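The following exercises concern strand pairing, burial and surface patches. Please work through each task before reading its solution.

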Amino acid sequence: MALRTELGRVLITGAGGRVATAFRQFSGHRYDFRLAEKEAGLISHLRPNDEVLTFDITDIEACRAACANIDTVLHLAADPSADADFCSSLMNNNILGTFNIFRAAKDAGCQRVVFASSAQAVEGYPLDYQVRPDDAPKPKNMYGASKAFGEGIAAYFAHQEGLSALSVRIANFTTLEAGQQISARDMSAFLSHRDAADLLDRCIRVNHVQHAVVHGISNNRYKRLSLEETTRLLDYYPEDDAFTLLGFS
């Protein structure tokens, strides 16, 4: 994997969320961050060089201010609930907010946006089918539809406006313990904290990628999403396996 060496400052939206917190824990030593959240109190474990910004993702001018003098945007801000209501939440947080970040990043001269999509964008495929990154979106709920929209926005800005964009289909981001009871689907879609951090780090640092959709799962014995293309692009070799963590021999 060819690595970008001049990374500059990285903006994380949704910086107080679980994915952002794990990313900063495992890979934060590489970067200088601007951490953006709707409430500054949601962000913990600050380092001396961290800059904290309170902003409203539905406000395009606030997004422009957040993206100023930023090299890469890690866009994690969203309503993460699969049951979220479209009109009262998804339309503003996941659709308008995603457009605002891409628009602001491009206009501010950022080099790349890494967009947190979701496995829910393709959850409509049968469980016995392993989804590949170039498969068309097939959401089962409006949350998944909002993430499919985000993937489309990423593709537009990459191909039509020249902004490097990677969409990461984050799957079952959680922690597991031996004996825990979860479904076979959730085991096959498991993504550990350290594997998620490694994947996002690689998305930020990879060189010469204009646009890609990559898959965010761990090295599970059975995989809901194909990792073949993601491994080839990013040299991503996740370490964890849900089946081993849960005590399956």
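**Exercise 1.** Determine which residue of β2 is the bridge partner of V10, and how β1 is paired with its neighbours.

*Solution.* Start from V10: its bridge partner in β2 is F33. The model is predicted, with local features requiring pLDDT of at least 70 and side-chain atom pairs pLDDT 80 or more, while totals for chains, interfaces and linings use all residues. Residues are numbered from 1 along each chain as its sequence is written, and side-chain values use heavy atoms, without hydrogens and water.

Next, extend the view to the whole strands (DSSP runs of E, at least two residues; helices are runs of H or I, at least four). β1 (residues 9-13) and β2 (residues 32-37) run parallel and are joined by five bridges; pairing requires at least two DSSP bridges. Then turn to β4 (residues 72-75), which pairs with β1 in the parallel sense over four bridges. Here L11 stands opposite V73.

**Exercise 2.** Establish whether the two faces of β1 are buried or exposed.

*Solution.* In a regular strand, side chains alternate between the two faces of the sheet. On one side of β1 lie R9, L11 and T13, on the other V10 and I12, and all are buried (under 20% relative accessible area; exposed is over 50%, partly exposed in between; 1.4 Å probe, protein chains only). Because five of its five residues are buried, β1 is largely enclosed by the rest of the structure.

**Exercise 3.** Classify F149 by its accessibility.

*Solution.* First locate F149: this residue lies in helix α4 (residues 142-161). Its relative accessibility is 33%, so F149 counts as partly exposed.
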